[in-house]
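Student: Please take a close look at a single part, the largest pocket. Then set that part within the rest of the chain.

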Amino acid sequence: MKIGILAVQGAFIEHRKIMEKLGAECVEIRQKKDLDGIEGIILPGGESTVQGKLLNKLDIFTELKQKIENGLPVLATCAGLILLAQNIENDNVTHLATLPVTVRRNAYGRQLGSFVTNSNVGCVDNFPLVFIRAPYITDVSPDVEILTCVDSNIVGVKYRNQIGLAFHPEMTNDTRIHELFCREVEMASAGI
């Protein structure tokens, strides 16, 4: 299994360590040719505005968007969720816009508003959710599956081949979210 991890900015190393621990071959995506042959991609946390600009500057944007629209499995965390969102509250600029949700950037406040809680995430029970300057989702289209909420705010969704999370599963020792993503990639590769 060959997984691309967007590595232009943000917390990509932590994702790589977990995926390699699970036996995946990882490619750090820094230029368009790095997208060749990947079976899934992780869009990590970081600064979504910077990541969005770099996707364009490095000529990765169009091909990545097409791959996602054509079914490439995606795990997007925090800033990655913002990259995928079709709408960003109080901002008319979007990025990949492949996930039919609206997000609120920095919804929990600044760095001091960071926190950890536990919740079920879809079929994953009692997962530690690490929020760091996190967004949350304020609106979803009817065909988006809500995976988890915290204080009535949507913080995890699945839509077709895309998993969008407002929290950082890579900042825990719990690999179950990444294992779930690996199963999604295996099923997509098998045409299921």
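Tutor: Start with the whole chain. Of its 192 residues, 54% count as buried. Buried means under 20% relative accessible area, exposed means over 50%, and partly exposed is in between, with a 1.4 Å probe and protein chains only. The model is predicted, so local features need pLDDT of at least 70 and side-chain atom pairs pLDDT 80 or more, while totals for chains, interfaces and linings use all residues. Residues are numbered from 1 along each chain as its sequence is written, and side-chain values use heavy atoms, without hydrogens or water.

The protein chain has five helices and 12 strands. These are DSSP runs numbered from the N terminus: helices are H or I with at least four residues, strands are E with at least two. The radius of gyration is 15 Å, which agrees with the value near 16 Å for a compact globule of 192 residues. That radius is taken over C-alpha atoms, and the globule rule is 2.2 Å times the number of residues to the power 0.38. The C-alpha trace spans about 40 × 35 × 30 Å along its principal axes. Of the contacts with a separation of 6 or more, 63% join residues 24 or more positions apart. Contact means heavy atoms within 4.5 Å.

Now the pocket. The largest has a volume of about 250 Å³. A pocket is an open set of points on a 1 Å grid over the protein atoms alone, where a 1.4 Å probe fits, with protein on both sides within 12 Å along at least five of seven lines. Its volume is the space filled by probe spheres set on the points, which are joined across faces, edges and corners. The lining holds 17 residues, each with an atom within 4 Å of a point. Gly46, Glu47, Cys78, Ile132 and Arg133 lie nearest the centre. Helices α2 (48-57) and α4 (79-84) each supply at least two lining residues. By type, the lining has seven nonpolar, seven polar and three charged residues. Here Ala, Val, Leu, Ile, Met, Phe, Trp, Tyr, Cys and Pro count as nonpolar, Asp, Glu, Lys and Arg as charged, and the others, Gly among them, as polar.

Follow Ile132 outward. Beyond its neighbours within four places in sequence, Met171 is in contact with Ile132, Val130 and Glu14. Met171 sits in the loop between β12 (162-165) and α5 (176-189). Met171 counts as partly exposed because its relative accessibility is 41%. From Met171 to Ile146 the C-alpha distance is 22 Å, across 25 residues of chain.

Ile146 leads to a hairpin. In β11, its bridge partner is Val157. Strands β10 (145-150) and β11 (153-159) run antiparallel and share five bridges; two strands pair if DSSP finds at least two bridges between them. Two residues lie between these strands, and Asp151 takes a positive phi near 50 degrees.

Two further strands complete the tour. Asn126 lies in β8 (124-131). Leaving aside neighbours within four places, Asn126 contacts Asn118, Ser119, Asn120 and Arg176. Thr102 is in β6 (99-104). At 12% relative accessibility, Thr102 counts as buried. Among its contacts over four places away in sequence are Asn87, Tyr136 and Asp139.
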